[in-house]
Amino acid sequence: MIWNQTAYFGAGSVEVIPDELARRGFTKAFVVSDAVLVETGVTGRVTDLLDRARVPYVVYGDVLPNPPIENVQAGVAAFRASGADVLIAVGGGSPQDTCKAIGIIVANPEFEDVRSLEGVAPTKKPCVPIIAVPTTAGTASETTINYVITDTERRRKFVCVDPHDIPVLAVVDPEMMASAPRALKVATGLDALTHAIEGYTTAGAWELSDLFHLKAIQVIATSLAAAADGDADAMERMALAQYVAGMGYSNVGLGLVHAMAHPLGALYSAPHGVANGILLAPVMAYNAPASGEKYRDIAAAFGVEGAATLPIDEARAAAVEAVAALTRDLGNPTSITAVGASEADVAALAKAAFEDVCAGGNPQPASVQDIEALYRSLL
């Protein structure tokens, strides 16, 4: 199992960053973020700390949602010109993933095309050291060995898996997440729930990963709605739960929800968490025959009465409905039409999902035709 060397949690934990930089001997930071976080002052919460500690830095604030290859390549060039020796990722999944790709390519320049990083890339050197500061409670990129990049030319997303990319330090401060709009809290929270449920049921799951994922499901089920509505305590619980889910799924993989969500992001720029929320309950229903007793645990985590003694088919149905009900109650879309999909694209979507690296972890085998049927059921 691979995790960060060090992680800090709790409100105000970003305050440790200057001391950690000094302790580790770093002299100049390259801060990777996005324009919204820069404009709203969220990134400034970190750079203000650097200013007070007189740590020089450069901000690369141009990261786009569903970051494309070109975003990574521009970041690599900017890092090389900066003279920095450490990366600080401030943001949700897009800045975190972009930062990982930048760090990997700077250390392994033979992968400058970016596309060659897809799958399990044979990099030889650890990436430039990363301090990861998430601003959403969802992706857990700060503790995973995964990142996702968009190939706009080929209209696809691709997943990169590399133990060399894991941040040396994660700082999970719920105050950095508090100002996110409700829709973003919902989407990223559903992403975290998807990580937890797919990680719990994926073909690679085992006893240790199950501990992380089941706990994450329990916390998310009872905290996501309140966190989305601004409850600070619930936000802190979500911040920890999404990290715990990341500790698990990063080491055992995901499944068909993520495989089907990636093409929706690539073709229509659908927010990743929104796409996951649309797909999670329907894919759970598809996977139910291969779920063993695990859906009983999921139902119990959602507070389904008598989950422990229900006939297994009823327990499975209850788990699916509990997830579907939460998705509806949060106001997430429930059809792929809502993010721009149409019947004309189903064949291309299904082919891309079938070829996605996450599909291999799905507990129930799925053909291209099976995936087409799932997409069509959600039009």
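Which residue in E8 does valine 120 stand opposite? Valine 161. That warms us up for the exercises below.

**Ground rules**

This is a predicted model, so local features need pLDDT of at least 70 and side-chain atom pairs count only at pLDDT 80 or more, while totals for chains, interfaces and linings use all residues. Residues are numbered from 1 along each chain as its sequence is written, and side-chain values use heavy atoms, with hydrogens and water left out.

**Exercise 1. Size up the protein chain as a whole.**

Step 1: take stock of the elements. There are 14 helices and nine strands in the protein chain. Helices (H or I, at least four residues) and strands (E, at least two) are DSSP runs, numbered from the N terminus.

Step 2: check the compactness. The radius of gyration is 20 Å, close to the 21 Å that the globule rule gives for 379 residues, so the protein chain is as compact as a globular protein of that length. The radius is taken over C-alpha atoms, and the rule is 2.2 Å times the number of residues to the power 0.38. Along the principal axes, the C-alpha trace spans about 60 × 45 × 35 Å.

Step 3: look at burial and contacts. Of the 379 residues, 59% count as buried. Buried means under 20% relative accessible area, exposed over 50%, and partly exposed in between (1.4 Å probe, protein chains only). Now take the contacts (heavy atoms within 4.5 Å) between residues at least 6 apart in sequence: 77% of them join residues at least 24 apart.

Step 4: count charges. The protein chain carries 25 positive and 43 negative side chains, and the centres of the two sets lie 4 Å apart. Lys and Arg count as positive and Asp and Glu as negative, with His and the chain ends not counted; the charge is placed at NZ of Lys, CZ of Arg, CG of Asp or CD of Glu.

**Exercise 2. Work out the sheet that contains E8.**

Step 1: get the order. Three strands make an open sheet, E5-E8-E7, with mixed pairing. Its edges are strand E5 (119-120) and strand E7 (146-151), each pairing on one side only. Two strands pair if DSSP finds at least two bridges between them.

Step 2: find the directions. E7 and strand E8 (residues 156-161) are antiparallel over six bridges, whereas E5 and E8 are parallel over two bridges.

Step 3: spot the partners. Valine 148 has valine 159 in E8 as its bridge partner, and aspartate 151 has arginine 156.

Step 4: check the turn and the cover. The hairpin of E7 and E8 has four residues between the strands, and there arginine 155 takes a positive phi near 55 degrees. Five of the six residues of E8 are buried.

**Exercise 3. Trace the neighbours of E9.**

Step 1: read the side chains. In a regular strand the side chains alternate between the two faces of the sheet. In strand E9 (residues 169-172), Leu169 and Val171 point one way and Ala170 and Val172 the other way, and all are buried.

Step 2: add the partner strands. Strand E1 (residues 6-9) runs parallel to E9 and is joined to it by four bridges; phenylalanine 9 stands opposite valine 172. E6 also pairs with E9 in the parallel sense, over two bridges, and isoleucine 131 has leucine 169 as its bridge partner.

**Exercise 4. Find what packs over helix H3.**

Step 1: list the buried residues. In helix H3 (residues 42-52) they are Val42, Thr43, Gly44, Val46, Thr47, Leu49 and Leu50.

Step 2: name the cover. It includes helix H1 (17-24), strand E2 (29-34), helix H2 (35-39), strand E3 (57-63), strand E4 (86-91) and strand E6 (130-134).

**Exercise 5. Hunt for unusual phi values.**

Step 1: recall the background. Most residues other than glycine have a negative phi.

Step 2: try asparagine 66. Its phi is positive, about 50 degrees, and asparagine 66 sits in the loop between E3 and helix H4 (69-82). Is asparagine 66 buried or exposed? Buried, with a relative accessible area of 14%.

Step 3: try alanine 140. Phi is near 60 degrees, and alanine 140 lies in the loop between E6 and E7. Alanine 140 is buried too, with a relative accessible area of 0%.

Step 4: finish with arginine 54. This residue follows H3 and has a positive phi near 60 degrees.
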